[in-house]
Amino acid sequence: MAQFETVDLPKTPEVRVPGPASDDPQTQTRKRWWIWGLIIVLAAAGIWYFRTRGIQASNPGGAAARVPGGPGVGMGTLPDQPLPVVVATARKGDLPLYFNGLGTVTAFNTVTVRSRVDGQIVKINFTEGQYVKEGDSLIEIDPRPYQVQREQAEGQLAKDQAQLKDATVNFERYQLLFKEGVIPKQQLDTQQATVGQFEGAIKADVAQIDNAKLQITYAHITAPISGHVGLRLVDIGNIVHASDTNGLVVITQLQPIAVLFSLPQDQLPQVIARMRTGAPMITEAYDRDNSEKIATGKLLTIDNQIDTTTGTYKLKAVFDNAKSELFPNQFVNMHLLVDTEKNVVIVPTTAVLRGPKGAYVFAVSEDNTVKMHDVTLTHATGDVTGISRGLASGEVVVVDGQDKLQDGSKVEPRTSRVGGAAAQSSTPSDNPSAASPAGRPAR
């Protein structure tokens, strides 16, 4: 009987075949997140849908209210609900036309005081920033060297006068002797020339004396103009010379004072035409913010040429500046009064709107409905605008809230303190911060 030998075979390694993607734990986790996200989105959409249905059911006219130009223009506004607006009353009056430009204050006169003689400063008679009048003493230079020169010239004059007297007496004697034939004619002529020499010497002596007196006068330096002195440039004890380039002190005249400003060349014909009438042209200087008037003056002159690089021309105005409101090199906004429109309807500038057909305003009728009025503008001055045609004085116009209006809209008028004041109590001369022809931005 055959015997079989048992042989242990090696175990075959188990091969793991990848299963479906659902067996991966990370994939399963991502699936769960996607499912939850989808549930949340659907829930939010359902809430939004039912909430919208509820709003529409409670407000059937809401859809029409949101249609631009529909019966109810405002979002969520009922068709018959009046729209709140701010109104003001138009009035009739005179509206000035101003040309505006940027200016710089310039001293009417500026003098740098210099010494006209050489010497040492012995006295200073002013304080820095002081107002001095013409002729006031400013600085004294040691006058003693020039006093000595004057005394020397006076002594020489006395000597020459004595010699002239002697020469004149001798000349008279020589005339008698010549008549008697004692002396020749040559000797008489020589004596006459001697008299002439002494007369010339005396004139030179007098000139020397006057020159010494003038130097003494120059040693006492006085103010050439009235004005304010600046910071002093020398001290007591300094030696000054007539050839020094630096001055002793600078005096600036502040009363009156000038302002140089520029305007566009397009406005030049109107300015020249007004100047030819001979009437003074009023100018007003405003602060840097163009909000507060500093001083009022008048136009002095205009330049004789236009600046080709900027297309502007320069003008010069003068101000009394009695209270020293203006200071040299100060920046100001200038308003030049060119003309005044008489008997025009004046409304706040915010009431004027512009459309394809031009300017228009919304006027409020007695039944609190608005009507669109096409208007013709003159010009704007400050926060008011002039209307020459299309609106009557006393009509009520809308100044705020026009974006919600159309012709025939029902409104709830309210008077604003700011708007009402602008339309009722504001005068063009109170707020001349801007002026421009109709349809143009203020310059």
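Here's a walk through this predicted model, from the overall fold to the cores, the salt bridges and a surface patch.

**The chain as a whole**

Start with confidence: the average pLDDT is 82, and 80% of the residues score at least 70. Two stretches deserve some caution. Residues 12-22 have a pLDDT below 50, and beyond near neighbours in sequence that stretch has 2 contacts in the model. Residues 57-78 are also below 50, this time with 17 contacts beyond near neighbours in sequence.

As for secondary structure, you'll find 6 helices and 21 strands in the chain. Of its 443 residues, 33% are buried. Take the contacts with a separation of 6 or more: 76% of them join residues 24 or more positions apart. The exposed area of the chain comes to about 27800 Å², with carbon and sulfur atoms supplying 54% of it.

**Inside: the nonpolar cores**

Nonpolar side chains tend to be buried together in soluble globular proteins. Here, the largest nonpolar core has 23 residues, and the members that touch the most others are Val271, Leu315, Phe319, Leu326, Met334 and Leu336. Several elements give two or more residues to this core: strands E2 (91-113), E9 (249-264), E11 (293-307), E12 (312-319) and E13 (331-348), along with helix H5 (268-276). E9 supplies the largest share, 5 residues. There's also a second, separate core of 21 residues, with Val132, Leu138, Ala223 and Val240 among them.

Which residues does leucine 336 touch, leaving aside those up to four places away in sequence? The list runs to Leu97, Tyr98, Phe99, Leu263, Val271, Met281, Ile282, Thr283, Leu299 and Leu315. Two of these, Val271 and Leu315, appear with Leu336 among the core members that touch the most others.

**Salt bridges**

Searching the whole structure turns up 7 salt bridges. Here are some of them, with the distance between the closest N and O atoms.

| Acidic residue | Basic residue | Closest N and O atoms |
|---|---|---|
| glutamate 154 | arginine 150 | 4.0 Å |
| glutamate 284 | lysine 293 | 3.8 Å |
| glutamate 412 | arginine 414 | 3.7 Å |

The pair of arginine 150 and glutamate 154 sits in helix H3 (residues 144-180); the two are 4 residues apart, so about one helical turn separates them. Both ends have some access to the outside: arginine 150 is partly exposed at 26% relative accessibility, and glutamate 154 is partly exposed at 37%.

Is glutamate 284 buried or exposed? Its relative accessibility is 5%, so glutamate 284 counts as buried. Its partner, lysine 293, is partly exposed at 39%. In the remaining pair of the table, glutamate 412 is partly exposed with a relative accessible area of 36%, and arginine 414 is partly exposed too, at 45%.

**Outside: a nonpolar patch**

Not every nonpolar side chain is tucked away. On the surface, Ile35, Trp36 and Ile39 form a nonpolar patch, and together they have about 340 Å² of accessible area. Tryptophan 36 belongs to helix H1 (residues 25-58). Why does tryptophan 36 count as exposed? Its relative accessibility is 55%, and the cut-off for exposed is over 50%.

Note on methods. Residues are numbered from 1 along each chain as its sequence is written. Side-chain values use heavy atoms; hydrogens and water are left out. Buried means under 20% relative accessible area, exposed over 50%, partly exposed in between (1.4 Å probe, protein chains only). Contact means heavy atoms within 4.5 Å. Accessible areas come from the Shrake-Rupley method with a 1.4 Å probe; for residues, only the protein chains shown count as cover. A nonpolar core is a set of buried Ala, Val, Leu, Ile, Met, Phe, Trp, Tyr and Cys residues joined through side-chain atoms within 4.5 Å. Patches are made of residues with over 30% relative accessible area and no salt bridge: like charges are joined within 9 Å, nonpolar side chains (Val, Leu, Ile, Met, Phe, Trp, Tyr) within 5 Å. pLDDT is the predictor's confidence in each residue, from 0 to 100.
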